[in-house]
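Trainee: I have just opened this structure and would like to learn how to read its aromatic contacts. Could you walk me through them?

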Amino acid sequence: MGIVGIGNIAQLNVRGYLQHEQCDVVALCDPREDKAAAMAAKWGVPHVETDLAALLARDDIDAVEILTPTHLHRQHVEMAAAAGKHVSVQKPAACSVADARAMAKAAEAAGITYRVTDNSLFTPPMVRARQLVRDGAIGEPSLIRIRTVVGQTDTPFQNALEPQGYVWRFNQHSPGGHLFDDVVHKYALALWLVDEPVDAVQAVVRQGPVFFETPSVMLFEYARPGLLGSMDVTYAPDMYIRSRYYGADEFVEIQGTEGFIWVTRHTGEMLDLPPLMLYRGKEMTSFADVDGDWGVGFDDAAKHFVDNLLQGTTPDMRPELAERVLQLCFAVYQASAEQRRVDPRTIDDAFSPPWWPLFTSPEDQ
């Protein structure tokens, strides 16, 4: 395995590859040679490259995990595909639906395995919740609710984040703010947990402080008429959130005809409750044995990709799901800006909120 980009999130994405007994991380690639060398020493990685072409030319690399800024994903995925390397790329897949499609097409033409990394699809409470839905534990799902709150925290992880890693998220290199950069995780969950496409979106998105787009409320109409989805995102800068990672937390409830599933633990650890609960037949079942550590999702996502390559199986998150996630994200922006229902499937490029970007990068001024 080769790791492309060693920014803020790399410490979580790389851990699973380092732990896997059938995977060797043999090289890191980053233009900041000093930092790359320091991380290579910390992780026990033998080689450092400052140029992506040099890393892709290495015969001892079969696959790459691309952790570079989103606006570079298409270029880097296409380069890796042309070099015959299997690719896992960090979410969001790209800055437009057109770019995501081009990346998938390049991977298919090269005959490589290609997936988009999304740790949310691998956190143990979410994995177990999805299996319960598939097993019919709550009957027919009728409503999925996803709530995100961002506040303050004081963790070694967040305190160690490099501010320069956020600059491109505020300017024209990104098509949106928090709803694009982070809430794509929740859009992915809205599609993945119930295995249903969304046919229409209604939304109210407000401009909040910094790059937060809150308060925001979204309504999803799924292809099956008996299923709806709701999502809300808030920013509470003066509220402390107990966490090991970012100052944020999410809560998911899937209501069915025979009961409901409640995921109480994700990024943070706000509630003193089991990470997963199931109510059915007058009984509440608590899954206290399910690991609620959000970081485990990163580990399992990496291990999943390696196992897929070794076994020749298809990984989550597939390119078509990553494309639908982007369409859902841009449909939320469009539905709010135009105050109408939007079919995500009609979006072939991108859509930004009216106030975006927050500023222009110095090199483009």
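Mentor: We will look at aromatic pairs, burial and one charge over a ring. This is a predicted model, where local features need pLDDT of at least 70, side-chain atom pairs count only at pLDDT 80 or more, and totals for chains, interfaces and linings use all residues. Residues are numbered from 1 along each chain as its sequence is written, and side-chain values use heavy atoms, with hydrogens and water left out.

Trainee: How many aromatic pairs does a search of the whole structure find?

Mentor: Rings of Phe, Tyr and Trp (its six-membered ring) pair if their centres lie within 6.5 Å; planes under 30 degrees apart are stacked, over 60 edge-to-face, the rest tilted. The search finds 12 such pairs. In one, Tyr187 and Phe220 have ring centres 6.4 Å apart and planes at 65°, so they are edge-to-face. Tyr187 belongs to helix H10 and Phe220 to strand S9, so this pair ties together parts 33 residues apart in sequence. (Helices, H or I of at least four residues, and strands, E of at least two, are DSSP runs numbered from the N terminus.)

Trainee: Is Tyr187 buried or exposed?

Mentor: Buried means under 20% relative accessible area, exposed over 50%, partly exposed in between (1.4 Å probe, protein chains only). Tyr187 has 0% relative accessibility, so it counts as buried; Phe220, at 1%, is buried too.

Trainee: Which ring does the charged end of Arg169 sit over?

Mentor: The criterion is NZ of Lys or CZ of Arg within 6 Å of the ring centre and within 35 degrees of the ring normal. For Arg169, the ring is that of Tyr166, with the charged end 5.0 Å from its centre.
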